Amino acid sequence: MSEGSVSDGAVSGDAEIRVTREAWAALGALVVGFFMILVDSTIVSVALPALMDAFDASITNVAWVTSAYLLAYAVPLLTMGRLGDRIGPKRIYMAGLTLFTLASLACALAPSLGALVGARIAQGIAASMMTPQTMAVITRTFPRERRGGAMAIWGATAGVATLAGPIIGGLLIDAASWEWIFLINLPVGLVGLYLAWRLVPRLETTSRSFDWLGVALSALGIFALVFAIQEGEAFNWGTIWGPISVSGLAMAGAALLGAFIVWQMLNRREPLVPLALFRDRNFSVSNVAIAAVGFAVTAMMFPFMLYTQLVRGFTPTQAALLLAPQAVMSILLAPIAGRLVDRHHPRLLTGFGIAGFLIALLLLSRVMGADTPVWQVLAVTTLMGTAQSFVWGPLATSANRNLPLNWAGAGSGVYNTTRQMGAVLGSASIAALMQMRITAHLRGADAATGPAGGPDHTAAAEVPMPTFGDVLEPELAEPFAAAFSEAMLLPAALVALGLVAALFFENSRHLQARRTPGAPAAPPGR
């Protein structure tokens, strides 16, 4: 495929990139690497006990293996999206995939926990280089009226990869050792590099300068805010170091991001984030909705995995397999969702998907009892997978459908940063809520039992979370199950917010133009 010159809505002239087998092959090549980096955002959760044993470390220290990756992933996303516009999405994607593959080898060979955390930081930076380019290539190679099918595959990949991580991790650890959750990336990375080199087109670059002040303000602001949110619980929401507190760091992050927005308004050359992006209502609504969905998907995993392992006594692999119907339904229905999103009002599909997701979360909260039949849990996860098929792809399509093609990288960078920030908020919030509900239920159990008998939980507030691998005693299973069930209402509340946002979608411009021939469909900011 040859390098092309892109214009709004379609690619023209001798350099036209047609929606043919080659275009779909390019998408397939990108999906390989995209799947790998998203799997690595969840695969380590199953390996925590093995890592604690291998490095003789506490759960707090081992948690940095995941936290470092998520933090390094979130911070540079805005910059990497715009860098793809300037240097070319193929170049940035292949550089990121190379770094990710080498960092995976470093993870597997890490002699200490510190070395492993350092290698995970490199993985996170590499992932931030790759993610915006996948959306940007789709936006620039598929015309508006055909983008839905491609984005549906992208969205299904994101949903399935998040669920597949714990399953793949459990199987690899049970069959071999924790190192293999990283070594498996080596052949996948090499195949992905070859496919990207052969199949992904080189697209024209458009940026003439780079907003270095915007890079500094956004990176420092996101780092401070994400670190405060993500690690606040670990520092008991108090002092981090010297005069630096969690609240102070969060306020500094918010102030830096405020300064970043002001600078983007004043910068008349090549701002890192053209604020005219948000003149498009669908882009703005999609960002609100994906933040809520990202929050919910991340937040629901923690209480669900603890419920299945601590209350029900399942192994990590068995617990992860309860989510298999969700992944299967996402794969099966993604093509259907893709065809529908090109033909129907975005409010219809996203509203249906988010509403179904909300119903599934509420039902999951009801069935998370100590003795619930497994088939009921499987039925709910099947419904959840069906609903999410109409969430990921349609939201991603609606976000970038109306944007100018030279803003594809900036738009995808903002969208993925928003999704990641939602995930970080979900991870931090759900842990605090679960601890509160566990304490409340244990105190209630003490009051009901009385001092004459039953287990002694008079200091319920000081009862720690059971360690991984433990199974709760029968007298504790019910209060813990109730706490995990109630915690599931938090992601449900955020999904309800996403549903309200989805009601504000307007019809896509390609559908408006189809219904009113000759009507202009100019992108925002032009």
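**Salt bridges, buried polar side chains and nonpolar cores**

In the predicted model, R437 is partly exposed, with a relative accessibility of 27%. This value places R437 in the intermediate class, because buried means under 20% and exposed means over 50% relative accessible area. E486 is likewise classed as partly exposed, at a relative accessible area of 29%. The side chains of R437 and E486 form a salt bridge with an N to O distance of 2.7 Å. R437 belongs to helix α19 (residues 408-449) and E486 to helix α20 (residues 474-487), so this salt bridge ties together parts of the chain that are 49 residues apart in sequence.

Two salt bridges were found in a search of the whole structure. Besides the pair of R437 and E486, a salt bridge joins D40 to R120, with 3.6 Å between the closest N and O atoms. D40 is located in the loop between α1 and α2 (44-55), whereas R120 is part of helix α7 (residues 113-141); the two residues are 80 apart, and the pair thus links distant parts of the chain. Both partners are buried: the relative accessible area is 1% for D40 and 0% for R120. The burial class of the two salt bridges therefore differs, since D40 and R120 are buried while R437 and E486 are partly exposed. In general, side chains of opposite charge can pair when their charged atoms come close.

With respect to overall architecture, the protein contains 22 helices and two strands. Of its 526 residues, 56% are buried. Contacts between residues at least 6 apart in sequence were also examined, and 84% of them join residues at least 24 apart. The exposed area of the protein is about 20700 Å², of which carbon and sulfur atoms supply 66%.

The largest nonpolar core comprises 147 residues, and the members that touch the most other members are I37, L51, L116, F357, L361, L364 and F484. Helix α13 (residues 281-311) makes the greatest contribution to this core, with 17 residues. A second core, separate from the largest one, consists of five residues, among them L333, A337, L349 and F390. When residues up to four places away in sequence are not counted, L51 touches V44, D56, V62, V65, L116 and W178. L116, one of these contacts of L51, is also listed with L51 among the core members that touch the most others.

Helix α1 (residues 21-39) carries M36, which is buried at a relative accessible area of 3%. Apart from neighbours within four places in sequence, M36 is in contact with L97, F100, N185, V188 and G189. The C-alpha atom of M36 is 7.5 Å from that of A161, a residue 125 positions away in sequence.

Two buried polar residues were examined for side-chain contacts with backbone oxygens. Q133 is situated in helix α7 and is buried, at 1% relative accessibility. A polar atom of the Q133 side chain lies 2.9 Å from the backbone oxygen of M80. M80 is also among the residues touched by Q133 outside a span of four places in sequence, together with G81, G84, P89, I92 and Y93. T381, in helix α17 (residues 374-388), is buried with a relative accessible area of 1%. The T381 side chain reaches the backbone oxygen of L322 at a distance of 3.1 Å. Excluding neighbours within four places in sequence, the contacts of T381 are L322, L323, P325 and Q326.

Helix α12 (residues 246-266) includes L257 and M265. Leaving out neighbours within four places in sequence, L257 is in contact with S218, G221, I222 and L225. The C-alpha atoms of L257 and A219 are separated by 8.9 Å, although the two residues are 38 positions apart along the chain. M265 contributes to a nonpolar surface patch of about 540 Å², which is made by this residue together with I261, V262, L266, L275 and F278.

Conventions
Residues are numbered from 1 along each chain as its sequence is written. This is a predicted model: local features need pLDDT of at least 70, side-chain atom pairs count only at pLDDT 80 or more; totals for chains, interfaces and linings use all residues. Side-chain values use heavy atoms; hydrogens and water are left out. Helices (H or I, at least four residues) and strands (E, at least two) are DSSP runs, numbered from the N terminus. Contact means heavy atoms within 4.5 Å. Buried means under 20% relative accessible area, exposed over 50%, partly exposed in between (1.4 Å probe, protein chains only). Accessible areas come from the Shrake-Rupley method with a 1.4 Å probe; for residues, only the protein chains shown count as cover. Patches are made of residues with over 30% relative accessible area and no salt bridge: like charges are joined within 9 Å, nonpolar side chains (Val, Leu, Ile, Met, Phe, Trp, Tyr) within 5 Å. A salt bridge is a side-chain nitrogen of Lys or Arg within 4 Å of a carboxyl oxygen of Asp or Glu. A polar contact is a pair of N or O atoms within 3.5 Å; within protein, one must be able to donate a hydrogen and the other to accept it, and residues adjacent in sequence count only if both atoms are side-chain atoms. A nonpolar core is a set of buried Ala, Val, Leu, Ile, Met, Phe, Trp, Tyr and Cys residues joined through side-chain atoms within 4.5 Å.
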